[in-house]
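Here is a walk through a two-chain model, starting where the chains meet and ending with a sheet and its helices. Keep the structure open while you read.

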Amino acid sequence: MKAVLGHRTSQQVAFVGPFGVGKTTALRTVSDIPVVNMDETSTETRVLGNPEKTTTTVGFDYGEWAFADGTRVGLVGVPGQDRFRAMWDTMLPRSTAVVLWLFGDRANAVTDCRTWLDILAARDALDHLVVALTRLPDDVSDAQLQPLRDVIGHYHGFAPLITADPRDAGSVMQTVMIAVGTPAASGHG
Amino acid sequence: MTDGRSVKVWVSSLRWQAVRVLARQIQVADVDFAWALAADEASVWIIDGTAVDAGADLSTHYARLLRRPRVAYLAATPTASPPHPDWTLFTSPVDDGEVERWLGLTRAAEQPWCNGLLRLQQWPNLARYGVHGRDGRLIAACMQLLTAPIDYQTLLADGVTAAALDTLLADAWASGLLIVNCADAAVAEAVNSGLNTPIDAARRARLFDHIAVRSAAQ
């Protein structure tokens, strides 16, 4: 929390999404302050068979990033497990925008997308939304993305759907810039 | 009129001198000119209307193309009728001004976003544009395009690079994500004549709706 005190941010962007998708990685990639986090060694790595995922966010991660004009934005990584619903109720309404990170290469990507959009809709957190797909090439065809666009379209008329790499600072910054700047769901006339 | 992109011209036959003359007129009309070896590679066709049966076969082929060229149908008499309604009839000798106006419409069909007001229906995947996609100015341009109709020159005036914007708009147009509202009915028709996909049909309807509204208002 020491890193947070004294910093004034006008906006806050929440990173949400399923367990292991790269929310914490993304936040750490771009934060220009030491990330405040509450990680524990994850037992779920053994259960879910994800040897690359050795920790999990049990509280939330907090970092910050400055736009080119000096404006600072707070970045919050929200835990992805279902048992942290109370955390979602706390963090999502406070966020200016949301980046929903999803595994782009999984067969259940559409189902996952719908599940998380329901979560966001229940907390009135759809207005400024970006859906970021990991593990896909940047030149993935629009046809391949269309099933997800169709699902997103039911919740938000034109929320951005982009491919992104949580390990790439430029890619993560792009998602944040778009999330902060995208017109609200009701703003498309 | 040139903007760095070439006009690729395919000619059905060079037998008739009038065809060669028209090709020369296009070449000198301040455009980047290149010959296309195959009809499908061309953005402009010059068809010798005096050649027996050439028009009918080409009309059939033209109708099947997803992206249609602009077609100059050169006939011997002004009473001739091009085999396809989208083709433009020329009779020899062709006036230089007539060629320039027709090429202007060709440009409009190739870069429809340069004419009229633009609107994006959804965000493109900006990740596919590399560093340009991470440029705040291109992101801001997309935000403007999503919020309210805006013209191409205004977008450029806000600082986004033309190359990046053209690439994004070309992709959006090809994907059916870009709506272009042309105030000029002739330009709208030129743009519309190049469309031939299911997505294009919906876009064509929006173009015609706009034209109808403006016609009623005038």
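Chain A and chain B bury about 1,700 Å² between them, and 49% of that is on carbon and sulfur atoms; buried area here is the accessible area (1.4 Å probe) that two parts lose on being put together, summed over both. The contact draws 25 residues from chain A and 18 residues from chain B, with contact meaning heavy atoms within 4.5 Å.

A word on the ground rules. This is a predicted model, where local features need pLDDT of at least 70 and side-chain atom pairs count only at pLDDT 80 or more, while totals for chains, interfaces and linings use all residues. Residues are numbered from 1 along each chain as its sequence is written, chains are lettered from A and ligands numbered from 1 in the order in which they are written, and side-chain values use heavy atoms, with hydrogens and water left out.

**Across the interface**

Between chain A and chain B there are 10 residue pairs in polar contact (both at pLDDT 80 or more). A polar contact is a pair of N or O atoms within 3.5 Å; within protein, one must be able to donate a hydrogen and the other to accept it, and residues adjacent in sequence count only if both atoms are side-chain atoms. On the side of chain A that touches chain B, the elements giving two or more residues are helix 5 (142-155), strand 8 and helix 6 of chain A. Helix 6 of chain A provides the largest share of that side, 6 residues. Helices (H or I, at least four residues) and strands (E, at least two) are DSSP runs, numbered from the N terminus.

**Salt bridges**

Side chains of opposite charge can pair when their charged atoms come close. The rule used is a side-chain nitrogen of Lys or Arg within 4 Å of a carboxyl oxygen of Asp or Glu. It gives 10 salt bridges over all chains, and 2 salt bridges across the interface of chain A and chain B. Four of the pairs are worth a look:

| Acid | Base | N to O distance |
|---|---|---|
| Asp168(A) | Arg134(B) | 3.4 Å |
| Asp142(A) | Arg128(B) | 3.1 Å |
| Asp165(A) | Arg167(A) | 2.9 Å |
| Asp86(B) | Arg68(B) | 3.6 Å |

How exposed are the partners? Buried means under 20% relative accessible area, exposed over 50%, and partly exposed in between (1.4 Å probe, protein chains only). Asp168(A) is partly exposed at 27%, and Arg134(B) is partly exposed at 30%. Within chain A, Asp165(A) is partly exposed at 24%, whereas Arg167(A) is exposed at 67%. Over in chain B, Asp86(B) is partly exposed at 27%, but Arg68(B) is buried at 18%. Sharing partners, salt bridges also tie Asp32(A), Glu64(A) and Arg72(A) into one network.

**The sheet in chain B**

In chain B, 3 strands make an open antiparallel sheet in the order 7-6-8; strands pair if DSSP finds at least two bridges between them. Strand 7 (150-151) and strand 8 (178-181) of chain B are the edge strands, each pairing on one side only. Strand 6 (residues 117-120) of chain B is joined to strand 8 by 4 bridges, and Arg119(B) sits opposite Ile179(B) in strand 8.

Helix 7 (residues 162-175) of chain B packs on the sheet, touching strand 6 and strand 8, and its direction makes about 95 degrees with that of strand 8. Axes are lines fitted to C-alpha atoms, for helices over the stretch in contact, and angles run from 0 to 180 degrees between N-to-C directions.
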